[in-house]
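Dear colleague,

I am passing on the structure below, together with notes on what turned up in it. Please keep the view open while you read, since the notes move from place to place.

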Amino acid sequence: MDGAFVRWVSLEAVEYFPATSSAPSVRVYSFGDVDDSGEPRARRGWYDAKGRQPYRGGWRTPVPLARIASRFNPHRMHPVLHVVMPHNGVDFAAPVGARVYATAAGVVTSVGFDGPCGNKVEIAHAGGMSSVYCHLSRFAAGLHVGLHVEPRQLIAYVGQTGRVTGPHLHFGIRRGGTFIDPLTLRFDGVNVVPRAQRDDFDRRRAALDAELDDIPLPAAAGSSPETTEPETIYEEP
Ligand SMILES: [Zn+2]
């Protein structure tokens, strides 16, 4: 059946040859999902030969496209109380009812009214981080303490509850209990194949490498200039 389409199975591995440089080719391998016993494995996706999967979090705005009305400021003059009071987060201007999304995956630790913060949601994230959402008009249906949320999951709606002069979302991030500036955060990082699945991954990679090695390649078109690709730096989450 040379050249004829037989059937589409699935894409298991890809080798990429940079077109304009003599940099080495890059292979990535599909891996993940659950194993036969239903044990969770590495997150399904593409991994390089070292078992690394870069991802972009980049979700620093719980209300999409909202303008920043007030930044994190430890020495702010409070607009209602007229005293110097730290602004422990970022205010996003948005109308009542605008959707508010979880900034990262985590577990809901608080849902309810909390004084100056008004209606509040708090979510605990990996690494001792937590995010706080204040002045909400209402909560997403089914939101409760203990609920696991995914990044970009709808959690609530903008409001003007608590000590505010107008509708907006107050968004705070705590690291180890201390408020930090959410806009300085970098959520990008890299997933790594867990140690327990490392042998599985290496076996799969070896098998796929053998298949890739067997695929005949067209001769390289001419000589390409000597350039080296800058190595990608991944930041740990
Ligand atoms: Zn605020």
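At a relative accessibility of 22%, Glu15 counts as partly exposed, because the buried class is reserved for residues under 20%. Please bear in mind throughout that this is a predicted model. Glu15 has its place in strand S1, which covers residues 13–16. Leaving aside residues up to four places away in sequence, Glu15 touches Ser25, Val26, Arg27 and Leu212. With one of these, Val26, the C-alpha separation is 5.6 Å, although Glu15 and Val26 stand eleven residues apart along the chain.

For orientation, here is the overall picture. The protein has 237 residues, of which 35% count as buried, and it contains one helix and 15 strands. Among the contacts with a separation of 6 or more, 61% are between residues 24 or more positions apart. The exposed area of the protein is about 14600 Å², and carbon and sulfur atoms supply 55% of that area.

The metal site deserves a look of its own. The zinc ion has as its protein donors His87 through NE2, Asp91 through OD and His170 through ND1, and these lie 1.9 to 2.1 Å from the ion. Along the sequence, the spacing of the donor residues can be written H-x3-D-x78-H. Two of the donors can be described further: His87 is buried, with a relative accessible area of 3%, and Asp91 also counts as buried, at 7% relative accessibility.

Turning to the interior, it may help to recall that in soluble globular proteins nonpolar side chains tend to be buried together. In this model, the largest nonpolar core has 24 residues, and those with the most contacts inside it are Val63, Val100, Val121, Ile123, Tyr133, Ile155 and Leu169. At least two residues of this core come from each of strand S6 (90–93), strand S9 (119–125), strand S10 (129–139), strand S12 (154–158) and strand S13 (168–175). A second core, separate from that one, is made of eight residues, including Ala13, Tyr47, Phe201 and Leu212. To return to Val63, its contacts, again not counting residues up to four places away in sequence, are with Ala94, Ala98, Arg99, Val100, Val158 and Leu169.

On the outside, Leu11, Val14, Tyr16, Val26 and Trp46 make a nonpolar surface patch of about 450 Å². Trp46 belongs to strand S3, residues 45–48, and is partly exposed, with a relative accessible area of 35%.

The charged pairs come last. A search of the whole structure finds nine salt bridges, and I describe some of them here. In one of them, the side chains of Arg27 and Asp213 meet at 2.8 Å, N to O. This pair links distant parts of the chain, since Arg27 is in strand S2 (residues 26–31) and Asp213 is in helix H1 (residues 198–214), 186 residues apart. The two partners differ in exposure, for Arg27 counts as buried at 16% relative accessibility, whereas Asp213 counts as exposed at 53%.

Another salt bridge is formed by Asp48 with Arg52, whose closest N and O atoms are 3.2 Å apart. Here Asp48 is buried, with a relative accessible area of 15%, while Arg52 is partly exposed, with a relative accessible area of 28%.

A further salt bridge joins the side chains of Asp209 and Arg205, at 3.7 Å from N to O. Because Asp209 and Arg205 are four residues apart in helix H1, they are separated by about one helical turn. Of these two, Asp209 is buried, with a relative accessible area of 14%, and Arg205 is partly exposed, with a relative accessible area of 24%. Through salt bridges that share partners, Arg27, Asp202, Arg205, Asp209 and Asp213 are joined into one network.

If you would like a starting point for your own viewing, you might begin at Glu15 and step to Arg27, which Glu15 touches, and then follow the salt bridge from Arg27 to Asp213.

With best regards

Methods:
Residues numbered from 1 in each chain as written. Predicted model: local features only at pLDDT ≥ 70, side-chain atom pairs only at ≥ 80, totals over all residues. Heavy atoms only, no water. Donors = N, O, S within 2.8 Å, 3.2 Å for Na, K, Ca; no water. Buried < 20%, exposed > 50% of the residue type's maximum accessible area, 1.4 Å probe, protein only. Patch = residues over 30% accessible without salt bridge, like charges linked within 9 Å, V, L, I, M, F, W, Y side chains within 5 Å. Areas by Shrake-Rupley, 256 points an atom, 1.4 Å probe, with all protein chains shown as cover. Salt bridge = Lys/Arg side-chain N within 4 Å of Asp/Glu carboxyl O. Core = buried A, V, L, I, M, F, W, Y, C linked by side-chain atoms within 4.5 Å. Contact = heavy atoms within 4.5 Å.
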